[in-house]
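Morning, everyone. I have one structure to walk through today. Here it is on the screen.

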Amino acid sequence: MLTVRAPATSANLGSGFDVFGVALGAPADVVRVERAPETTITVTGVGSQYIPEDPAKNTVGAVAEALDAPAHIRIDKGVRPSSGLGSSAASAAGAALALNELYDRGLSRADLVPIAAEGEAVVSGEAHADNVAPSLLGGFTVVADGGVTQVDASIPVVACLPETTVSTRDARGVVPDSASLESVVDTVGNAATLTVGMTRNDPVLVGRGMDDEIVTPERAKLIRGYEDVREAALEAGATGVTVSGAGPGVLAVCRRASQRAVAAAMIDAFDSAGVDSRAYQTTVGEGARLYRPGSD
Ligand SMILES: Nc1ncnc2c1ncn2[C@@H]1O[C@H](COP(=O)(O)OP(=O)(O)OP(=O)(O)O)[C@@H](O)[C@H]1O
Ligand SMILES: N[C@@H](CCO)C(=O)O
């Protein structure tokens, strides 16, 4: 049996819709695989009651098929589904890494990105890779037509998760069909600023570069309390705040010294809006980790 811990991720980061993603230090899914004549799936953990075990409907089933690697796959969910923290992607990335090893396919982590993305197509209809890429590769990733680019980064973040859900499919439905040249120019400027910030581990540049006036304002309307949570986080010292992935998670970037205050402010603001939430105080971190039998 092989075990993989695959981290939650936050996609988009505001200005990088469908392009940017980061691996989060926590939470994570744990995926265990054993060879079997055909693929079977069991799911336990957070939100497991909402996750299908039918291989045709679970992201890991599509990954097993793409790798021609039938297995009994056990998923212990740490990343709640429909969270905006890359829940479906964490399982897919974990399964891809584990099955590649189990069947000795010899693919690199970069090779596994499009395979894990096949799992995302099962859920949202599109094989977008902006969550599976950071879950596999770690750090900050840029998914573009020409390929995937990755840099390690260490930026303190707070990922605040309200007890509400938004499906990626629904959140893609509110994305505008077009944008003015002026907003596109602003967004390119912000995305470039964010990218430089990641290479310098600079939370101020990263936070400033998260601004986006094209997609985020529409998605924010699907999250009860979002504007108040954003304001509260900024007042507590966050350098930037945006919707995490398709939401309803909210991602704040900050300096280490203000992380605890930012987390408390976000929880209080959701609470004032009548929504329970929890906050992960973590950093942009490493990609999926493989545990072989006998290793720690
Ligand atoms: N292994 C899996 N883990 C989690 N959700 C899964 C899995 N397989 C299928 N699903 C389905 O995927 C949906 C959740 O995926 P969705 O993309 O909406 O949320 P998310 O992954 O948390 O969000 P985001 O991609 O915005 O970060 C649920 O309907 C769930 O039943
Ligand atoms: N880029 C995707 C990530 C969510 O899976 C979106 O925002 O729709």
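**The ligand shell and the two domains**

Let's begin at the ligand. The main contributor to the shell around ligand 1 is α2, which gives four residues. Keep in mind that this is a predicted model. In total, 25 residues surround ligand 1. Closest are Ser87, Ser91, Thr168, Gly245 and Ala246. Which helices supply at least two residues each? They are α1 (59-66), α2 (87-102) and α3.

Now the chemistry of that shell. Eleven of its residues are nonpolar and 14 are polar. None is charged.

Next, the domains. Domain 1 runs 2-151 and picks up again at 284-291. Domain 2 spans 156-281. Their centres, taken over C-alpha atoms, lie 23 Å apart. Both of them feed the ligand shell, with at least three residues from each.

How many residues does each domain put into the contact between them? Domain 1 brings 24 and domain 2 brings 31. On the domain 1 side, β1 (2-11), β2 (20-35) and α3 (109-124) each give two or more residues. The largest share there is three residues, and it comes from β2. By type, that side has eleven nonpolar residues, twelve polar and one charged. Note α3: it appears on this side, and it also supplies the ligand shell.

Last, the annotation. An unreviewed UniProt entry marks residues 198-270 as "domain: GHMP kinase C-terminal". That stretch is 49% helix and 11% strand. Its end C-alpha atoms sit 28 Å apart.

That's my run-through. Over to you.

How values were computed: Residues are numbered from 1 along each chain as its sequence is written. Chains are lettered from A and ligands numbered from 1 in the order in which they are written. This is a predicted model: local features need pLDDT of at least 70, side-chain atom pairs count only at pLDDT 80 or more; totals for chains, interfaces and linings use all residues. Domain bounds come from an automatic or database domain assignment. Two residues are in contact if their C-beta atoms, placed from the backbone, lie within 7 Å. Ala, Val, Leu, Ile, Met, Phe, Trp, Tyr, Cys and Pro count as nonpolar, Asp, Glu, Lys and Arg as charged, and the others, Gly among them, as polar. UniProt positions are given in the numbering used here, feature names are shortened, and annotations may be inferred rather than shown by experiment. A residue is near a molecule or strand if its C-beta atom, placed from the backbone, lies within 6 Å of it.
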